[in-house]
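Here's a friendly walk through one protein model, meant for someone seeing it for the first time. Have a look at it first, then read on.

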Amino acid sequence: MRRWTPILAPTLFVGLLLALWQGLCWALDVKTYFLPTPLEIATALVQNAPLLFISAWRTLQTALVAFVVTSLLAGFSALAAASGRIVEDSFRPIALILQVTPIVALAPLFQIWAGIDHPAGAVVALACVAAFFPIYSGVLAGLNSADPALERLFDLYDASRWQKLFRLQLPSAVPQALEGLKVGLGLALVGAVFGEMSAGAGGEEGLAWRIAEAAHRMETARSFAALTALILIAAIVNVAFRLIERRALSWWRG
């Protein structure tokens, strides 16, 4: 029973909330355009499944492209920053700017730079900005978390900078780097969704665009259906990365 508790407990709780939602909407006679019931949302989800699947793939594809690009940029930046105090201090202002600048303020600029004919570029760029800092800080913190005693041992044996990096710092960085990547993946999806709503301007018809389109037409059930599809994608991506993280940590600890 203990094995199934982590699955059954949240499932029953969510089911209870949905039943309460359904019952209150029926009892209070809430209009569909204001707040649809879970059954109406499920119906809209089934009816629009093919279109939502295409839009979901576009949103996920954008987020994954941004995640891969940002992982490479942030990873190499963290490696460079870990090579010396001067380099790290030089990179710090840029990293802080990317952390504190709201992507809502960058969306109009990226839309101009990408051009009206290439909205996908602006969406990917916004997703990259959203995901950069957690990946950079996670990798950098991991590289700097090597055991000082082992560092002194490497210095004692006159190890080269590359030997110290590949045999000590990179292996030590795995847990924190994976945590940064996990957070960055979630923020890449958030950035992609926001980019579709703002900079995308309808050119990239992802899930966020479907949510806005349905809301503008007062088709609230369809808007909730698209939101449900987005939540499902986020959950699937999170679970998939957790499985990868668990395997990677098992290999690292072994």
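## A helix with two neighbours

Helix α2 (residues 38–47) packs against helix α10 (residues 220–253) at an angle of about 75 degrees, with the two axes 8 Å apart. That angle makes α2 roughly perpendicular to α10. From the α2 side, Glu 40, Ile 41, Ala 44 and Leu 45 take part, and they meet Ala 221, Arg 222, Phe 224, Ala 225, Thr 228 and Ala 229 in α10. Sorted by class, this contact of α2 with α10 holds seven nonpolar, one polar and two charged residues.

A few words on the terms. This is a predicted model, where local features need pLDDT of at least 70 and side-chain atom pairs count only at pLDDT 80 or more, while totals for chains, interfaces and linings use all residues. Residues are numbered from 1 along each chain as its sequence is written, and side-chain values use heavy atoms, with hydrogens and water left out. Helices (H or I, at least four residues) and strands (E, at least two) are DSSP runs, numbered from the N terminus. Axes are lines fitted to C-alpha atoms, for helices over the stretch in contact, and angles run from 0 to 180 degrees between N-to-C directions. Under 35 degrees counts as roughly parallel, over 145 as roughly antiparallel, 65 to 115 as roughly perpendicular and the rest as oblique. Contact means heavy atoms within 4.5 Å. For classes, Ala, Val, Leu, Ile, Met, Phe, Trp, Tyr, Cys and Pro count as nonpolar, Asp, Glu, Lys and Arg as charged, and the others, Gly among them, as polar.

What about α2 and α3? These two helices pack at an angle of about 75 degrees, with their axes 5 Å apart. Once more, that makes α2 roughly perpendicular to its partner, α3. Here Leu 45, Val 46 and Gln 47 in α2 meet Ala 49, Pro 50 and Leu 52 in α3. The contact of α2 with α3 has five nonpolar, one polar and no charged residues.

Which residues of α2 are buried? They are Pro 38, Ile 41 and Ala 44, where buried means under 20% relative accessible area, exposed over 50% and partly exposed in between (1.4 Å probe, protein chains only). Looking down the axis of α2, the buried residues fall within an arc of 125 degrees, so they line one face of the helix; the arc is that of the directions from the helix axis to the C-beta atoms. On the other side of α2, Leu 39, Val 46 and Gln 47 are exposed.

## The whole chain and its cores

Stepping back, the protein chain has 10 helices and zero strands. Its C-alpha trace spans about 75 × 55 × 30 Å along the principal axes. Of the 254 residues in the chain, 37% are buried. Among contacts with a separation of 6 or more, 71% join residues 24 or more positions apart.

The largest nonpolar core has 34 residues, and Tyr 136, Leu 143 and Leu 207 have the most contacts inside it. (A nonpolar core is a set of buried Ala, Val, Leu, Ile, Met, Phe, Trp, Tyr and Cys residues joined through side-chain atoms within 4.5 Å.) At least two residues of this core come from each of α3 (49–82), α6 (119–143), α8 (161–197), α9 (207–216) and α10. There is also a second, separate core of eight residues, including Phe 110 and Leu 126. Back to Leu 143: leaving out residues up to four places away in sequence, Leu 143 touches Ala 78, Leu 79, Ala 82, Leu 165, Gln 169, Leu 170 and Ala 173.

## Some single residues

Two loop residues have a positive phi although neither is a glycine. Here they are side by side.

| Residue | Phi | Place | Relative accessible area |
|---|---|---|---|
| Asp 29 | about 55 degrees | loop between α1 (5–28) and α2 | 51%, exposed |
| Met 218 | about 60 degrees | loop between α9 and α10 | 52%, exposed |

Ala 125 sits in helix α6 and is partly exposed, at 26% relative accessibility. Its C-alpha atom and that of Gly 191 are separated by 8.7 Å, with their positions 66 residues apart along the chain. Val 104 belongs to helix α5 (residues 103–114) and is exposed, with a relative accessible area of 52%. Val 104 and Ser 160 are 56 residues apart in sequence and 45 Å apart in space, C-alpha to C-alpha.
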